[in-house]
Amino acid sequence: MGLLVLSGYYSSDSIRYAHAPTLSLPVDSTLYFIVDFKDDISNDTLVQTRSQEGYPISYSRSIRTGVCFDNKCRPLDITLRWNLTGRYLGFELPEKEFLSKYDHDPFSEAEYQRLHAILTDSLSPLANFHYNEIVPKADSTYEKVDAVSGATSASVLEHVVEGAAFTTYKLWHLVYGPARQQVEALTSRALTPELIQLVLNSTHPSDKIWALNHIDGYVKPTPALQKVVVSFISDQDYNLTERALNSINSNDLQSGALQSILVQKIFETKYSTQKLLLTKLKAVPKLHKEAYSLLNQNLTKLNGQLIAEILQLFIQYQISDVETYRSVSALLASPNAFVSGKAYAFLTRADPQDVVVKERLTVYEEKHKGKAIE
Amino acid sequence: MKRRSALASLGSISLGVSSKGFLVKEKEEAVNDFYKIKKQTLKTDILVIGGGTAGVIAAIQAGRAGKKTILVEYGSQLGGTTTTGGVAFPGIFFAWGKQVISGIGWELVQEAVAMNDDTLPNFSIPHGKNHPRHQVRLNGQLYAMLIEEKCVQAGVHIRFYETPTKITFKNNSWTVETMGKGMTTEIVCNQLIDCTGNAFATTLAGYPILRETVTQPGSLMFEIGGYDFEKLDLNLIKEKYQEEIKKGTLDKYEFRNNIIGVLKSRGDNISHVMGADSTTSESHTLANIKGRASLLNTVRFLRTLPNLEKLKIIDVQNETAVRETYRINGHYEVTQEDYVTGKVFEDSVSYSYYPIDLHDEHGIVPRHLNEGVIPTVPLRSLVPKNSRNLIVAGRCISSDRLANSALRVQASCMGMGQAAAAAAVLAHTHGTTPLEVPFSELKSLIESHGGIVPGLA
């Protein structure tokens, strides 16, 4: 990948559709990267705009290729833009240039908007269409043939600009093809905890997920970033919660304070989130006393399955203090046989010598005498 | 009692795997000099019949609520349609940006996703008209093992290879006779949960059931490979396919008249086995044979075409998955109108979220719900009329055909399974029947185990 730095230039007198980038910072410089896009388009340059702080703001690629129909060809001359997270931002045509359909009619305003909407949809079914479905007749020239409406199946037409099926298809795959991966790779090289924090402030859900996916293994989280990450752990958004927890690695989890925050959240959230939090606690290198004390103090607030998982945690981390044994032994009196059975199995395995615990075990055993058949 | 022996008998693993905690009596009866049938009588609080999508969740819920629970499954593994049927994309758990089906079902799905290093769809981004965007894909065989482990951990006694032959209600208890390999079993329970999907236990217990004249086709899930889709001449393939249909060597309904779909999906949820019926061993055998025969026939045809000469079958599920058979005649029938308007009932126990999704001989055109609509399941629709100590969960819910085409989807069945079991648990605790349990207690029990109960505004 080559690199050339030039000052930024942006023409504004052209057909242009764009979403706002995540970072609304002024462009300070423009960098040019030579990239292997793995396609037949001659332009191999990915353009990156940067802020004064050195943060990537957006990327663009100018496309010049041919789209042919009725044995006549028109060049497709368009610039595609991406956000620093790889999200599609928009397209721009050179001055006096326009997009046209198979009948040579230029795109209407509504058709440009439809194209922009289709390109915005990262999950479009176009991802799963193949060239030979867009242009049903197999032909060595099919890659440069725009779809004739009559030959394009109804299932394809639903997802393209009518009369410009191949143009739509081609552009969608350019937006979500190797260029997008290159964009993400280039941004990854420039990541800092501060930049991640800025992206986490985005109003776009996919930006937040992207940022959370680019913490572990990319940056060393600062306390400020960690605080923001932890703030995403709630019942409000399952994906953000799951990704936020995923971004915390075992090194971060050495912190007793962080462990305590995660444990505290168990008592503030609902089951789906509680399960994720407990799963995370299984990955800590060592469970700190303040964390398991908090679990002990609140055991009875949880349902049987969560209690069972916490008891597994205690076994995993070899928690063997009297406080733990006593709080678990209180569960022997639970009216829920599942809970009392789990507590009994845990304590029997540990075989504690504390008098209070032993007494409770004796009471439990007396109560269940004759019920177990062995 | 020695502590070690107590551990062995009370510990979750022994309780789930062994029948000893449930055994009342056992004897062997000689059939001839060389073969004996084992006859057992077991007693339990709750019996779940059918270890499919809903039954597994129901059994785990009952076990975790502290009830002695037995789960009877006629096959060799749990999970039903999700696992044996291979429809390992269990519906939709999130609607309009928020979770609507949680609890035990979601716990199992999430753990299977995590253990397979799969990625969840972003539920914050609306699925629009393309609801499969919010489907979660599972490794079906991993899921089957995980749910079995969860049942065992919950103390559920699983009985594979058994099917009920007689069900009677006497002295506030059900007696269910089952037959399995080399044994017959009499299971006495206080509460019975029918999760057969076919309302089999309900009808065996003597309650009427309903069925449409024509039911939705089933699907045999498979995987084919050995070709490059981009190199195919799709027009030629379509042309040849239609020729075979005209000759009568292929049936256009078997793959929705969409041979390109077969090649593109590589077998994923494209087969239609018309009239597939899982209610008897004879009818299910027929559905399996029809599904496999059509696949073999179609593969033989495809291998005659250019660039498909090396097409091969990579995998085929063990049985044809079935969409629709019988529904119970419940205290309330959920209608399409209820479903598409998201009606919340005073006794709504779970949500359901899916388009109206009726498959027929022409294929399927899902009808999506309007923005913000989240349908619900009332407890009354899970209880057969005039029954006591009996509740159902799953696709046999009392509902009209169009509502059922959405309610039948796995995520909804999981929500129903948890709710039905919670009602059975409370019915056992209070010595009553599921329809008479205090609703506030039922809501509280479901929620304490992570489920989501719809609330009236």
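Author: Let's begin with pLDDT: that's the predictor's confidence in each residue, from 0 to 100. We need it here, as this is a predicted model.

Reader: Okay, so what is the mean pLDDT of chain A?

Author: The mean for chain A is 88, and 88% of its residues reach 70 or more.

Reader: And which elements of chain A have the lowest and the highest mean pLDDT?

Author: At the bottom sits strand β1 (residues 2-6) of chain A, with a mean of 39. Helix α6 (residues 193-200) of chain A has the highest, 98.

Reader: Over which residues of chain A does pLDDT stay under 50?

Author: Residues 1-11 of chain A are one such stretch, and the model gives them 20 contacts beyond four places in sequence. Residues 138-145 of chain A are also below 50, with 13 contacts beyond near neighbours in sequence. Where pLDDT is low, don't read the predicted coordinates in detail.

Reader: Got it. How many helices and strands does chain A have?

Author: Chain A comes to 16 helices and seven strands. Of its 374 residues, 40% count as buried. Take the contacts in chain A between residues at least 6 apart in sequence: 60% of them join residues at least 24 apart.

Reader: Let's try a single residue. Is Met145(B) buried or exposed?

Author: Count C-beta neighbours inside 10 Å: 20 or more means buried, 12 or fewer exposed. Met145(B) has 16, so this residue counts as partly exposed.

Reader: Where is Met145(B) found in chain B?

Author: Look in helix α5 (residues 140-153) of chain B. Then find Ala112(B): Met145(B) is 33 residues from it in sequence, and their C-alpha atoms are 9.5 Å apart in space.

Technical notes
Residues numbered from 1 in each chain as written. Chains lettered and ligands numbered in written order. Predicted model: local features only at pLDDT ≥ 70, side-chain atom pairs only at ≥ 80, totals over all residues. Helix = DSSP H or I, 4+ residues; strand = E, 2+ residues; numbered from the N terminus. Contact = placed C-beta atoms within 7 Å.
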